[in-house]
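Hi everyone, thanks for coming. I'd like to walk you through one model today, starting with a helix.

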Amino acid sequence: MVLLGAVAAAGFGVVAQAQTKGPSRPDVARGQQVASQVCATCHNTDGNSTIAGNPRLAQQHADYLHKQLTDYSPQGQAKPARENPIMNGFAPQLSDADKRNVSAWFASQAAKPAFARNKDT
């Protein structure tokens with residue numbers, strides 16, 4: 001009986017550890033695939049947008065990017081924390097895993113140098 005109890009306790013510990021463990025490692029290849037299909041028009045495939053009004057996502061921190069994608073998605077009945085007509089249409093369509101994958105992809109990309117167009121700003 002003692003042995004059975006020890007085995008059950010050890011098994012419970014493994015299950016509890018797995019449940020408290022953070023999200024699985026992002027799939028950067030899947031992130032690249034999603035980015036090329038969903039994000040590339042505005043942010044470029046590598047996250048180095050050439051459109052002045054669109055942020056450059058390359059080399060940004062993955063957790064920051066994931067938070068932004070999450071903030072563009074409504075949580076339950078509440079409005080999204082961030083509102084943008086374009087992003088509010090795209091972000092909610094991504095699963096949380098794909099938000100993490102895309103974020104990891106853009107974070108892994110090197111930011112290309114850019115120049116300000118207006119030297120006073």
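Let's look at H2, residues 28–43: it has 16 residues, yet its end C-alpha atoms are only 17 Å apart, where a straight helix would reach 22 Å. That expected span is 1.5 Å times one less than the number of residues, and helices here are DSSP runs of H or I, at least four residues, numbered from the N terminus. Before I go on: this is a predicted model, with pLDDT of at least 70 needed for local features and 80 or more for side-chain atom pairs, while totals for chains, interfaces and linings use all residues. Numbering runs from 1 along each chain as its sequence is written, and side-chain values use heavy atoms, without hydrogens and water.

So where is the bend? H2 has a kink of about 55°, centred on Gln37; the bend is the angle between axes fitted to the seven residues ending at a residue and the seven starting there.

Now the ends of H2. At its start, a side-chain oxygen of Asp27 comes to within 3.2 Å of the backbone nitrogen of Ala29. Just after H2, Asn44 has a positive phi of about 75°.

Which residues of H2 are buried? They are Gly31, Val34, Ala35, Cys39, Ala40 and His43, buried meaning under 20% relative accessible area with a 1.4 Å probe, protein chains only. Their cover includes helix H4 (87–90) and H5. Take Ala35: beyond four places in sequence, Ala35 touches Ala40, Val102, Trp105 and Phe106, contact being heavy atoms within 4.5 Å. Happy to take questions!

Conventions:
Helix = DSSP H or I, 4+ residues; strand = E, 2+ residues; numbered from the N terminus. Buried < 20%, exposed > 50% of the residue type's maximum accessible area, 1.4 Å probe, protein only. Polar contact = N/O pair within 3.5 Å; in protein donor to acceptor, adjacent residues only side chain to side chain.
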